[in-house]
Structure formats: structure tokens, C-alpha cells
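Trainee: Can you walk me through this protein chain? I'd like to go piece by piece.
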Amino acid sequence: TSSVDNWIAETTLNYKRDIGKHHFTALAGYSQQERSIFNISTSGQQYATNNIATLNAAVLPTGASSIYSAYGLSSAFGRLTYSYNEKYYLEGSVRRDGSSRFGADERYAIFPAVSAAWRVSNEPFWNKENAIVNDFKIRTSIGRTGNQTIGDYTAQGQYNTGASYVGQSGIYLGTIPNPNLTWETTLQYDAGLDVSFFNSRITLGVDVYVKNTSNLLLNVPVPHTTGFQQILENVGATQNKGLEFNLSTINFQRKDFTWNSNFNISFNRNLVTKLYNGATSIITTPGQGLTGSLQSGSIIQVGSPIGSMYGWKESGVYRYSTDNVNKITNTSIGTNNYVFKGGDLIFQDTNGNGTIDNNDRVIIGNAQPKFTGGFSNTFKYKNFDLTALMTFSYGNNIVNGTRYAAESGTGFEGDLTLLNRWRNEGDITNVPRQDYSDPAGNRRFSNRWIEDGSYLRMKTVTLGYQVPKSLLTIISVKTLRIYVTAQNLFTITKYTGYDPEASAINADVTNIGIDQGTYPQYRAFIFGLNLGF
């Protein structure tokens, strides 16, 4: 059984004042919230009957455990707005937030923001009657925000109970405390414009932004001799720069038929700009177990984006054992002086020292897309309406861990490429030979497991019918709409996995773009009614 308690108390004070064409508003407030989770579970074996589910029906109770976790957030905030004659707009806000998740001396931070806008089309010099552009607005803003999405007791350190020490119950440290943890903060600059053409038949919104994030919260690997695998730290700074377009159009408008469209596209470029404590890179591995022995690596490196995939580059399979005229040896997986032979993957000796080792690893992929977006169309004919939404992503890579489990021959998984493997001297293939001991390290994390994750997906299609009011008087209903919706109808992609949007490790931003055994988004058909009384 489990329970979640979440309470919030908020008090606000509002003020409004108009002086001629000047309009003022002000707000001040205070908010306090707390969220707690309690979970207790028990289990048993050898039940006398399946009809009695209580624990006392079990002959052998096998275990019991409970978990309690809580955090609190305290906030004070204020906002002041000013506008003049629907032409000039100015707004300023500030808030002070304190989170129990950080160290005792690092819990509070201040987040200010300022925005301004100018509706140029409301100026006297703008001739709206004859202008192609009937509405034109320029806006800009700068603001600071914070991120506190970490574990409830990460800064304080968390102790686990129930450990057995020579038959005696014990308590051990489960999380390394870090009292210096503080808010991850983002300072964002925005500029944009909104333009409407031809009496708002065409509306265009353009935004450009720069986000500078400091005190980035990430798990950093530590030596296993510490008894831990990682520690959460404020490790560095990143920058996101982007450009966004949103275009809405009324393509056709008649009495019985209308057709509207909306298209949006976003370009974002991410870059690690700084790492603390003199570091230039941090190599990470997934924070949760993956099938087989796949150790997909990511690197946080100054000058590269977060989501950079780090490993070896391969360029095919040696046809003959004599192909390797340079006698490149392999020492990266604990095999000394192994000479690659026919059927082994051709790994690139990137540093040119004649040995394939950890120093030959380079960035081999990027989980960040070059652009993403969507395109929707809405058609209405008399009482019928049809809406279709397509989404897309381009330029990102995915680690196909599912294919790794099926092709690497590490266990009982079926081998999907058995017929294409290298078997004899001279075979031409891109699939290496089968060898369970794998002395060449053909299973290692390389670009062999990385694929193009670009896609175009028909996300939703909805067909509806509004029943005429003349027919509704019989059943005493004010409005009735019947509809059918189809979700995820089809996806166009080169990715060989089930779903190019799948990700096995959503909680860790350094290991995005990994798909291994992730359940794909399902195709669904929904029939429904909207009733109004």
C-alpha cells in the first residue's frame, strides 16, 4: 500500500489602477508546499487459496519493506505590470524560492525577470486599412529560472536500512551526501515578433533565444573503491541557442467549408561551455542496467553538446586475416597483444599508436536533433470536421540497444544476423564473426550500434460530426459531437528499432537517445461522444 500527501498554501495580494491610458497591476504573494510519499509492501508464499489475498493466508511470509520520502518548497514572489494605450508593455517579476532538497546553506535563490513589448501597428503612423500587415508586435525578455528536480535527500545523504551484517540488522550509507548542492539556474534572453498579414489570414511568430545554464546538476562517476558508482554535483555550464517559427494560416474560408493550417519548427544548438574543478570532460555510462553487456558511453565535453555518444569507430569487417597488414593490436578489453584477424571489426586507430585502446574513443553520435516540429491541418465541411497532426525530428542519433541484445550473442537472445555473419576467409559482410569469448571486443560500444533517429510521424487524426440541433430536441441534449481518433497511425523512419522516439533512460540527460527494450508508443483508435446539457 502507498499514500501520497501533497498540500500547498498560497496567499496573494492584487492591485490594479488605471490613470488615463496608463494601466498598472501589481501582485505579491507567498507560497508554502510539501509533498510526502509513504509506501509499505509485504509478500508471502504458499497461499492456501487464491481467494484470500491477505498476508495471514500465506504459510511463509517472505519479506516486508517501507519507504518514506518528503520535500518542501517555500516561495515569496511579486509582479508589476504596466501598459500604455495598448502600445507599450512592461512587466517585471521576482521570486525567492527555498527547497529542502539542497544543502542547508544553499537552499534559497532569487529569480528575477523583465519583459517588454511594443505593438508597432497601434502607432498613428501605421495605416492599417491599406497595410498588408495588419498587426505587428515586437517583444523581448530576460529572466532567471531554477531547477530543483533531484532526489529528496541527495544533498543530505540517504541511509538504507535492513542490511545484514553477520546475521545482524544494519544501516548503511546509500547516497554520498553533498551539502554544497545548489540550484541549477538558467539565464534566458528572448526576442521575438508577431506579425499578421491580410486581416490575420496569415499569422507568423518568430522567436530567438539564448539560454545560459550554470551549476548544472549531473551525476558524476567516482572510483568504485569509494563503494559508490556516482555522486550528484553541480558540474558546469551549458548554452542553448535556438530559433523557433510558428505559422498559422486560413487557407480557405467559405460558408460551408474552411481549411486552417499550423506549422511550427524549432532549431536548437546545445553546447557545454564550462566544467568545474578544471575538468575538460566527464565520461558517463547509463545509470540503470541494460540487457547484455552494452556499456553505451556518453561524454560531457567542453565544446560539445550534451548527449554526445562516446566510443570506438568501426569501418567494416576484415575479409582476410592478412588484411591487417599493420598488425594493430587490441588492449582495450583486457586482452593483451591480440592481433585482429579475419571476421573482426575494423576499429579505427584514431591516435595512430598501433593499438586499439580506450584512448581511441571519440564522439561517434549526437542525440540532439538538428530541428523538430509539427504540421497540423483542420478541415470543416458543414457539420463534419477533420484534424490531422504530423510531428517530425531530424538529425539525431539513437543507440539501438535492442539490436545489440539480438545480435551480439551474449546470452540466450536470438541472433537476428546469423545468416549474414562472417564465417570463412574472404566473406564480404558488415557483421563480424561469432565468438562468445569475443577476444576482439566486437561487442564494444561503437558506431555499429548507432542509427539515424530522424522520423516523420502521423501523430493524430480525428474525424468528428456535430449532430444538428434540430435532431437533438428529441433526446433533450443541447449539443452532441461524435468523433473517432487514430493515434500513431504510421511513422516514416530509417531507424530499425520499434520507435525512434523511445528512450530507456529519461531521467538522465547525459544518456538520452538510448533505446533498449523500451515499449513503443502504441497505435490506438478512440471512439467518443461530447455531450452538452
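Trainee: Let's start with a sheet. In what order do the strands of the open sheet with S27, S26 and S30 come, and how are they paired?
Mentor: The order is S27-S26-S30, and the pairing is mixed. Strands here are DSSP runs of E with at least two residues, helices are runs of H or I with at least four, and both are numbered from the N terminus. Two strands pair if DSSP finds at least two bridges between them. One caution: this is a predicted model, where local features need pLDDT of at least 70, side-chain atom pairs count only at pLDDT 80 or more, and totals for chains, interfaces and linings use all residues. Residues are numbered from 1 along each chain as its sequence is written, and side-chain values use heavy atoms, with hydrogens and water left out.

Trainee: Which strands are at the edges of that sheet?
Mentor: S27 and strand S30 (514–515) are the edge strands. Each pairs on one side only.

Trainee: And how do S26 and S27 pair?
Mentor: They are antiparallel, over three bridges. S26 covers residues 397–400. Val 399 stands opposite Ile 450 in S27.

Trainee: What comes just before S27? Where does Ser 446 lie?
Mentor: Ser 446 is in the loop between helix H1 (401–407) and strand S27 (450–452).

Trainee: Is Ser 446 buried or exposed?
Mentor: Buried, with a relative accessible area of 0%. The cut-offs are under 20% for buried and over 50% for exposed, with partly exposed in between, using a 1.4 Å probe and protein chains only.

Trainee: Which residues does Ser 446 touch?
Mentor: Trp 312, Glu 314, Phe 347 and Ile 364. That leaves out residues up to four places away in sequence. A contact means heavy atoms within 4.5 Å.

Trainee: New topic. How many bridges join S4 and S5?
Mentor: Eleven, in the antiparallel sense. S4 is residues 88–99 and S5 is residues 108–119. Val 94 in this pairing stands opposite Pro 112 in S5.

Trainee: What about S5 and S6?
Mentor: Also an antiparallel pair, over seven bridges. S6 spans residues 133–147. Val 114 faces Ile 142 in S6.

Trainee: Let's do charges. Why would side chains pair up at all?
Mentor: Side chains of opposite charge can pair when their charged atoms come close.

Trainee: How many salt bridges does the structure hold?
Mentor: It holds 14. A salt bridge is a side-chain nitrogen of Lys or Arg within 4 Å of a carboxyl oxygen of Asp or Glu.

Trainee: Show me one. Which residue does Glu 123 pair with?
Mentor: Lys 87, at 3.5 Å from N to O. Glu 123 is in the loop between S5 and S6, and Lys 87 is in the loop between strand S3 (58–84) and S4, so the pair ties together parts 36 residues apart in sequence.

Trainee: Are those two buried or exposed?
Mentor: Glu 123 is buried, with a relative accessible area of 9%. Lys 87 is buried too, with a value of 9%.

Trainee: What does Arg 95 form a salt bridge with?
Mentor: Asp 97, and their closest N and O atoms are 2.9 Å apart. Arg 95 is partly exposed at 33% relative accessible area. Asp 97 counts as buried at 7%.

Trainee: And which residue does Arg 119 meet?
Mentor: Asp 135, in a salt bridge of 2.9 Å, N to O. Arg 119 is in strand S5 and Asp 135 in strand S6, so to speak of distance along the chain, they are 16 residues apart. Arg 119 is buried, with a relative accessible area of 19%.

Trainee: Which residues are joined into one network by salt bridges that share partners?
Mentor: Arg 457, Lys 459, Asp 499 and Glu 501.

Trainee: Back to sheets. What is the order in the open sheet with S19?
Mentor: S20-S19-S22, with mixed pairing. Strand S20 (338–339) and strand S22 (355–356) are at the edges with a single partner strand each, so one side of each has no neighbour in the sheet. S19 (residues 329–330) runs parallel to S22, joined by two bridges. Asn 330 has Ile 356 in S22 as its bridge partner.

Trainee: Last one. How many helices and strands does the chain have?
Mentor: Two helices and 31 strands. Buried residues make up 38% of the 533 residues.
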